[in-house]
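Hello,

Here is the structure for you to look through. My notes follow below it.

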Amino acid sequence: MYNMKDKVVLITGSGRGIGFGIAQKFAEMQAKTVILDINQEIVDKAVDELKKLDLMAYGYALDVTNSDLVETVLKQINQDLGSLDVLINNAGITKDNLLMRMKESEWDAVINVNLKGTYNCTQKICRYMMKQKSGVIINIASVIGIMGNAGQANYAASKGGIIALTKSTAKELASRNIRANAIAPGFIETDMTASLSPEVVESYAKAIPLGKMGQAEDIANLCLFLASDEAKYITGQTINVDGGLIM
Ligand code: NAP
């Protein structure tokens with residue numbers, strides 16, 4: 001079950017947080033796991049952390065907003081590891097503000113990393129996957145992209161955009177045996193949510209039927225399933241991993 005041995009799996013923004021949890025899961029399954037993150041030091045640290053767990057991973061610095069760099073890094077990974085089998089578009093940022101106060105720079109930054117970054121990586125990798133006649137793309141969206149959130153218009157728009165992009169990707173690439181799905185996490189314990197006050201965390205927990213925040217591993221488990229042949233008839237879907245927050 002879930003045979004990932006030697007599959008080349010690329011995870012953007014995986015130096016820490018959910019991405020790192022996903023990388024650890026694929027490394028445990030003996031995939032050729034590729035840590036991609038904007039900062040080389042964070043990449044090296046993440047690869048070392050996996051090594052300490054007796055796991056193997058490869059690391060490359062990549063800013064997903066830089067489409068020329070995406071092209072160069074993908075070419076390098078393909079040369080180094082022999083194929084590009086699974087892409088997990090996970091890199092994401094928030095710059096929260098009420099819509100009426102939101103600066104253009106806050107809007108642009110979030111759309112650029114979350115949505116354009118996903119487009120950049122998908123567009124550049126699909127050429128390789130089309131040649132291979134196989135591939136899996138998993139986009140990390142958010143429940144906020146489905147339900148919206150006050151103070152997060154930029155983030156909600158970027159994540160809603162990712163869900164729509166996933167459907168178009170799935171339709172365009174299905175005939176080449178490439179599947180694309182999105183995961184919509186709810187509230188997951190990472191640095192991104194660590195800044196929330198205990199009161200806010202408690203109020204979120206009350207709204208979650210399972211009564212607590214999720215862990216990176218909860219997202220990683222679904223990534224593993226969606227990347228595997230066990231999910232071979234699933235494409236174009238958005239699956240919530242949110243403790244039942246939205247139904
Ligand atoms: P995180 O802890 O902030 O980690 C995100 C990683 O992405 C960081 O290492 C960050 O590097 C990196 N990154 C930022 N800009 C980048 C760029 N331009 N190119 C490449 N990497 C970049 O976030 P997280 O909580 O793990 O979230 C991961 C994904 O899940 C995001 O897409 C997020 O929107 C989504 N999500 C999270 C939650 C949650 O509750 N945590 C809920 C729903 C969805 P720097 O730190 O150096 O900037």
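The count of aromatic pairs comes to two. Here, rings of Phe, Tyr and Trp (its six-membered ring) pair if their centres lie within 6.5 Å; planes under 30 degrees apart are stacked, over 60 edge-to-face, and the rest tilted. One pair joins Tyr 2 and Phe 225: it is edge-to-face, at 6.3 Å centre to centre and 70 degrees between the planes. This pair links distant parts of the chain, 223 residues apart. Tyr 2 sits in the segment before strand 1 (8–12), and Phe 225 in helix 9 (residues 216–227). Helices (H or I, at least four residues) and strands (E, at least two) are DSSP runs, numbered from the N terminus.

Keep in mind that this is a predicted model: local features need pLDDT of at least 70, side-chain atom pairs count only at pLDDT 80 or more, and totals for chains, interfaces and linings use all residues. Residues are numbered from 1 along each chain as its sequence is written, and side-chain values use heavy atoms, without hydrogens and water.

Now the ligand. It is surrounded by 26 residues (a heavy atom within 4 Å). The closest are Arg 16, Ile 18, Asn 90, Tyr 155 and Thr 190. Helix 1 (17–28), helix 6 (153–173) and helix 7 (191–194) each supply at least two residues of this shell.

Which atoms of Lys 159 come 2.9 Å from a ligand oxygen? An N or O atom in the side chain of Lys 159 does. For Ile 188, a backbone N or O atom lies 2.8 Å from an oxygen atom of the ligand. For Val 64, a backbone N or O atom lies 3.1 Å from a ligand nitrogen.

Best wishes

Notes. Polar contact = N/O pair within 3.5 Å; in protein donor to acceptor, adjacent residues only side chain to side chain.
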